[in-house]
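User: Please take a close look at one helix pairing in this model. I would like to know how the two helices sit against each other and what makes up their contact.

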Amino acid sequence: MVIEHAERMGLSQLHQLRGRVGRGAEKSTCILLYQNPLTETARERLKGFIQLHLKLVQENQDIAQVIQIELRQSSKFMKEYANEKFFAYLGILESIITEGQHRGEFRKSANAEILKRTIFGAIDEMALEWVLMKRKRYSMEQAATQLCELFVRGLKAAASPTSGQ
C-alpha cells in the first residue's frame with residue numbers, strides 16, 4: 001500500500017490504513033510518502049523529528065495513552081511485538097546523527113547506537129509524562145525545543161583551531 005501526503009493525515013488514520021496491510025498470507029508493505037522538504041542541517045532534522053513525535057502524541061492523546069500505558073502492560077503484546085517498525089524508527093534517528101557527524105555538526109566521537117536509544121528514551125519519557133499530566137504545565141513544542149537543544153549542545157562538534165572560534 002502506498003499512502004501519498006501522509007503528513008495530511010492523523011496518526012489514527014495512518015494506523016487504520018496500515019492495519020489493512022499484511023492480513024493475507026503474502027508479505028506486504030505500507031509506504032508513506034510526504035511532501036515536507038528536508039531541512040538543511042542535522043540539527044534542524046533532529047528538532048523536526050522530535051517535534052513530530054511529540055506533536056503526534058499531543059494531537060492523538062487517546063491513542064498515545066493506549067500505546068504509552070496500556071499496551072506496555074500486556075505481556076502478550078510485548079512478547080509478540082514485531083521490532084521491525086521500531087528499528088526503522090531508530091534507524092531514522094541514527095541517520096540524522098551520522099549525517100550530522102559527517103557534516104561536522106556533531107562530534108564524531110559520539111556513538112550513534114547509544115545516542116539513538118538515548119534520544120528515543122527522552123522523547124518517550126516526555127510522551128508518557130504528557131499523557132499522564134492532568135494539567136498541562138508546558139507545551140509539547142516547548143518540550144521538543146528543549147530536548148533538541150539539550151542533545152544538540154551535547155553533540156556539538158568542537159570548533160577547529162583554524163576556524164577562529
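**The α6–α7 pairing**

Analyst: Helices α6 and α7 are roughly antiparallel to each other. This is a predicted model. The angle between α6 (residues 112–132) and α7 (residues 140–155) is about 160°. Angles over 145 degrees count as roughly antiparallel, so the pair earns that label. Their axes lie 11 Å apart. The crossing of α6 past α7 is right-handed.

Now the contact itself. From α6 come Leu-115, Thr-118, Ile-119, Ala-122, Ile-123, Met-126, Ala-127 and Trp-130. From α7 come Met-140, Ala-143, Leu-147, Phe-151 and Leu-155. By class, twelve of the residues are nonpolar and one is polar. None is charged.

A second pair is useful to set beside this one. Helix α2 (residues 42–59) and helix α5 (residues 84–102) also cross at roughly 160°. They too are roughly antiparallel. Their axes come within 8 Å. Here the crossing is left-handed. On the α2 side, the contact uses Ala-42, Arg-45, Leu-46, Phe-49 and His-53. On the α5 side, it uses Tyr-89, Ile-92, Leu-93, Ile-96, Glu-99 and Gly-100. This contact holds seven nonpolar, two polar and two charged residues.

Terms used
Residues numbered from 1 in each chain as written. Predicted model: local features only at pLDDT ≥ 70, side-chain atom pairs only at ≥ 80, totals over all residues. Heavy atoms only, no water. Axes fitted to C-alpha atoms, helices over the stretch in contact; angles between N-to-C directions. Helix = DSSP H or I, 4+ residues; strand = E, 2+ residues; numbered from the N terminus. Parallel < 35°, antiparallel > 145°, perpendicular 65-115°, else oblique. Left-handed = near helix turned anticlockwise from the far one by under 90°. Contact = heavy atoms within 4.5 Å. Nonpolar A, V, L, I, M, F, W, Y, C, P; charged D, E, K, R; others polar.
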